[in-house]
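Colleague: Please take one close look at the charged pairs for me. Then carry on into the strands and the packing, so I can place them.

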Amino acid sequence: MTLTKSAGLYLHIPFCRSKCRYCSFCSSTPKAGDKEAFVAALKAQIVQTASLPEVQSLTFATLFFGGGTPSILAPEILGELLGQCCRSFSWNSVEPEISIEVNPGTVDAKGLAQLRRAGFNRLSIGIQSLDDTELGKLGRIHSREQALATVHAAQRAGFTTISCDLMYGLAGQTQDSWKRSLEEIVALGPQHLSLYELTVEEETPLWLEVESGHYLLPPEEEVLAMMGRTQELTAQAGLERYEISNYALHDHQCRHNLNYWHNGSYLGLGPGAVSNVGGERRAAVADLRQYCHLVAQGLPVWDEVEQLTTEAAFRETVVMGLRMTAGVSISRLKQRFTLDLPTYYGDLLTKLVDQGFLHHVGDSLRLTDHGLALANRVMAELV
């Protein structure tokens, strides 16, 4: 199996000021001393991991601070972590893409300027909605005005790429209200948008509200109409759809996420973080105290380790690659895995093409517009 030349580095910050009702990620509200213990452990893990032979063979091209809410840590601390990563790992000659997720209400204009000076060049702002009622129902801590102020402050701070996250398919939302929110965000001139349909994860507070009938999702036809509005408005703004939920101006695609979708090598640090190195999938323990204890003892933090077979890695690469509008290259897959995609999937692939979910464009296999709208159903067939 041939690995991609450059890898991605991910740092998971497992804290939020409060847990959103829809969130199933590894995050919690920090207790006294949690932040300090975590930062000390993460710094130690960076040093320990950088010395591993399988990591020393990697050259990194992107760094992504995610969570949780990374901006819950002080900008000075985030800058220290960034500096340690830059010193500890090998980086390619092209300027690395260095991203950080922030939430309105957790960082001000001064903090954003500090992050930019520290070396972060890509900002992902978790706005989700510009409607205060919708924000309240989701459990977000910020207001519409704070969201807009954060975008303006980020622009003044000089970030090379600003991405805004928005959700559709929310309770009480219509195609017209979604259109108004999206128009207002687009008018601000972000270089990148991540536009997600709300996913209700089991056992989350929102899932319980949906099950009990207290949170009423819009009907499917309304959600499909919202998708249609999305395509119209993003196209008018020159934002190209390059993945199911992501849109960007030319040369502003998220390189870190593109590496994921190409099933490249990536290293995840922090509790609950996942790595894919040398065909081996590793997941760290999610419990903060256990994570800190293992790092302090110099022990591996991996809770799960899985050696992927060639076929398993091939299927993952196909499924993740089809998330991109460019699809997957049949010849490159064959070169990488020595497996021929049409032969491997056989009649199943023929059926999905005949049903209008997939189509061939030259050497690539892609989701059709119909397939993009129903991507999860198509992926389930190919896993």
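**Salt bridges, strands and cores**

Modeller: R282 is buried, and its relative accessible area is 10%. Keep in mind that this is a predicted model. The partner of R282 is E280, and the closest N and O atoms of this salt bridge are 2.7 Å apart. E280 sits at 19% relative accessibility. That counts as buried because the cut-off is under 20%. In this pair, then, E280 is buried and R282 is buried.

In general, side chains of opposite charge can pair when their charged atoms come close. By the rule used here, the model has 12 salt bridges.

Take E243 and R323 next. They form a salt bridge, with the closest N and O atoms 2.6 Å apart. This pair links distant parts of the chain, 80 residues apart. E243 belongs to strand β7, residues 240–243. R323 belongs to the loop between α12 (310–321) and β13 (328–329). What is the relative accessible area of E243? It is 0%, so E243 is buried. R323 is partly exposed, at 25% relative accessibility. So a buried glutamate faces a partly exposed arginine in this bridge.

Now go to E311 and R315. Their side chains meet in a salt bridge at 3.8 Å, N to O. Both residues lie in helix α12. They are 4 residues apart, about one turn of the helix. E311 is partly exposed, with a relative accessible area of 40%. R315 is partly exposed too, with 26%. Shared partners also matter: salt bridges join E54, E280 and R282 into one network.

The loop that holds R323 runs from α12 to β13, which leads to a sheet. Three strands form this open sheet, in the order β13-β15-β14, and the pairing is antiparallel. β13 and β14 (358–361) stand at the edges. Each has a single partner strand, so one side of each is left without a neighbour in the sheet. β13 and β15 (residues 364–367) are joined by 2 bridges. There, V328 stands opposite L365 in β15.

The parallel strands come next. Which way do β2 (residues 59–67) and β3 run? They run parallel, joined by 4 bridges. F65 has I100 of β3 as its bridge partner. From β2 the chain passes through helix α3 (residues 75–88) to β3, in a right-handed β-α-β crossover. β3 spans residues 97–102 and is mostly covered, with 5 of its 6 residues buried.

On to β4. This strand, residues 122–128, runs parallel to β3, and 4 bridges join the two. V102 stands opposite I125 in β4. Helix α4 (residues 109–118) takes part here: β3, α4 and β4 make a right-handed β-α-β unit. Q114 is found in helix α4. It is buried, at a relative accessible area of 18%. Sequence neighbours up to four places away aside, Q114 touches P75 and E76.

Now the packing. In soluble globular proteins, nonpolar side chains tend to be buried together. The largest nonpolar core here has 69 residues. Within it, L11, F89 and Y291 touch the most other members. F89 is in contact with L9, I46, A50, V55, F60, L267 and L269, leaving aside neighbours within four places in sequence. Another core, of 26 residues, lies apart from it; A313, F337, L365 and L382 are among its members. L365 is thus a residue of that core and also the one opposite V328.

One last stop is P218. Where does P218 lie? It is in the loop between α8 (205–212) and α9 (220–236). P218 counts as buried, at 15% relative accessibility. Not counting residues up to four places away in sequence, P218 touches G169, L170, A171, Q173, V223 and M226. For a sense of distance, take Y345, 127 residues from P218 along the chain: the two C-alpha atoms are separated by 36 Å.

Technical notes: Residues are numbered from 1 along each chain as its sequence is written. This is a predicted model: local features need pLDDT of at least 70, side-chain atom pairs count only at pLDDT 80 or more; totals for chains, interfaces and linings use all residues. Side-chain values use heavy atoms; hydrogens and water are left out. Buried means under 20% relative accessible area, exposed over 50%, partly exposed in between (1.4 Å probe, protein chains only). Two strands pair if DSSP finds at least two bridges between them. A crossover is right-handed if, with the strands pointing away from the viewer, the path from the first strand over the helix to the second runs clockwise. A salt bridge is a side-chain nitrogen of Lys or Arg within 4 Å of a carboxyl oxygen of Asp or Glu. Contact means heavy atoms within 4.5 Å. A nonpolar core is a set of buried Ala, Val, Leu, Ile, Met, Phe, Trp, Tyr and Cys residues joined through side-chain atoms within 4.5 Å.
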